[in-house]
Amino acid sequence: MIPAMPSSGYRGLSLWHDTIDDIEPRPSLITDLEVDVAIVGAGYTGLWTAYHLVTADPSIRVAVIEKEVAGYGASGRNGGWCSALFPASLRRMASERGRDAAVRMQHLLHDTVADVGRIADAEGIDCHFDQGGYLSVARNPAQLERVRDEVAEHREWGFGEEDHRLLDAHEVTAVAGVSEALGGSFTPHCAAIHPARLVRGLAEAVERRGVVIHERTAAVDVRSHRVVTAHGTVRADHVVLATEGYTPTVAGRRRAIAPIYSLMTATEPLSDDLWAQIGLENRTTFADNRHLTIYGQRTRDGRIAFGGRGAPYHYASKVSPIYDRDDRVHAALRRILVELFPVLDGVTFTHAWGGNLGVPRDWFPSVRHDRHTGLAFAGGYVGDGVATSALAGRTLAAMIRGDDPDDLASLPWAGRTSRDWEPEPLRWLGVNAVTALMTSADWSERRSGRPSRAASAFWAALGQ
């Protein structure tokens, strides 16, 4: 039985919101304000940008404008994977700035995973950070072929066993008792976290350093050097748009990012007997290698939080709380989780939720800052945004300060812009066709064991 979302408050947004203290919104903006940097969006990207700005220079005046509350969106609702995964392949990254830049970017993402845990610890943020790595399981021959190819590709780019390791079936089941496992791969560069604890803790950390956060304050117009709200205008030398899947709700940006919904479910806390059969002792995050993404983790309080794609894209990039739940998709997620771990048959699922993530037209995240207009943007993480946003915030802060000793502005995602999505109805047809294609490809591969040519052609067209 899945409890209904409460009519008020924020607890019902997700398991994560349901397991933190009650949220009391910060004061809204009620007058004009002048600062050095105005940030729109109090999620990971906006808060990491603020964090790196004020830790580098405590004199910088920063204000964050948030339509709801810090962590209302994807930063508070996601699967809790702080991973070095990046939606664009090394080959695609290299096409932007060359091989060395692509390899450096991947190494920085590896380092960022641990950095998130280190900073959380230093700031007293108990986000349940456990770096138990990521297990990708192959449950049919097509998936096994992809896993082998992925590990081999990382070898070609200079990454060794310490970064990506091929596993046989016995090695997989020693980590997690996944049914029908033929093999898999393991990378240590992933931690399981409680995402709402991290984002709420970041908000408190930047406030301690003088950053002002105005919640329940909608930005009705975002442009060079100013953010206009219903009750005041924020004027700033630099304006950062950190709205990810909510970017289409900002005036003039409807086609910049497609908001795609990803849904999640969670079990009740499981018994020790069940965990003895499931494994995941180190809170290793897990998925199988299907095309239509799934993702899971063992929570600190002994549940499995499990999610995946499959919800429809909504016409005209519409974003609404009514899309956070989809009975068909949530039922499918529960079924898939029981398929992975048959010992879960009959357990109670206590939570069902969802939210949107941001997908650029070419599936390649961007970080950019225009020194002439003062406008900055970071996002388009395609669901891989927990660690990625931390690196993005660090990069944006360096760009804004004009002080970049680590040369982050030379990374493959820096300074680039993805082209806009097609106008409707082409966007609606295209995005939902991709979901249908991936669903069909997974069905075909389970049935035949052979890789889907159609799915392979799609990824090749994206340069992946």
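In this predicted model, helix α4, which spans residues 90-97, meets helix α5, which spans residues 99-122, with the two axes coming within 7 Å and crossing at roughly 125°. That angle makes α4 oblique to α5, since it falls neither in the 65 to 115 degree range that counts as roughly perpendicular nor over 145, where roughly antiparallel begins. As for its hand, the crossing of α4 and α5 is right-handed. On the α4 side, the contact is made by Leu90, Met93, Ala94 and Arg97. On the α5 side, Arg99, Ala101, Ala102, Val103, Met105 and Gln106 take part. Sorted by class, that comes to seven nonpolar residues, one polar residue and two charged ones.

Aromatic rings come next. The structure holds 12 aromatic pairs, and one of them joins Trp48 to Tyr51. Their ring centres sit 5.8 Å apart, with 85° between the planes, and the pair is edge-to-face. Trp48 and Tyr51 both belong to helix α2 (residues 44-56), and because they are three residues apart there, about one helical turn separates them. As for exposure, Trp48 is buried, and Tyr51 is buried too.

Phe86 and Trp413 make another such pair. Their ring centres lie 5.8 Å apart and their planes stand at 70°; planes over 60 degrees apart count as edge-to-face, so this pair is edge-to-face. Here the partners come from well-separated stretches of the chain: Phe86 is in the loop between β3 (81-83) and α4, while Trp413 is in the loop between α11 (386-401) and α12 (426-448). The pair therefore ties together parts that are 327 residues apart in sequence. Phe86 and Trp413 are both buried. Phe364 joins the picture as well, as ring pairs link Phe86, Phe364 and Trp413 into a cluster.

Away from the rings, Ser185 offers a look at a strand residue. Ser185 is found in strand β6, which covers residues 183-187. Its relative accessibility is 11%, so Ser185 counts as buried, the cut-off for that being under 20%. Leaving aside residues up to four places away in sequence, Ser185 touches Tyr134, Leu135 and Ser136, along with Val147 and Val151. The list of residues touched by Ser185 also includes Arg165, Leu166 and Leu167.

Technical notes. Residues numbered from 1 in each chain as written. Predicted model: local features only at pLDDT ≥ 70, side-chain atom pairs only at ≥ 80, totals over all residues. Heavy atoms only, no water. Axes fitted to C-alpha atoms, helices over the stretch in contact; angles between N-to-C directions. Helix = DSSP H or I, 4+ residues; strand = E, 2+ residues; numbered from the N terminus. Parallel < 35°, antiparallel > 145°, perpendicular 65-115°, else oblique. Left-handed = near helix turned anticlockwise from the far one by under 90°. Contact = heavy atoms within 4.5 Å. Nonpolar A, V, L, I, M, F, W, Y, C, P; charged D, E, K, R; others polar. Phe/Tyr/Trp six-rings, centres within 6.5 Å; stacked < 30°, edge-to-face > 60°. Buried < 20%, exposed > 50% of the residue type's maximum accessible area, 1.4 Å probe, protein only.
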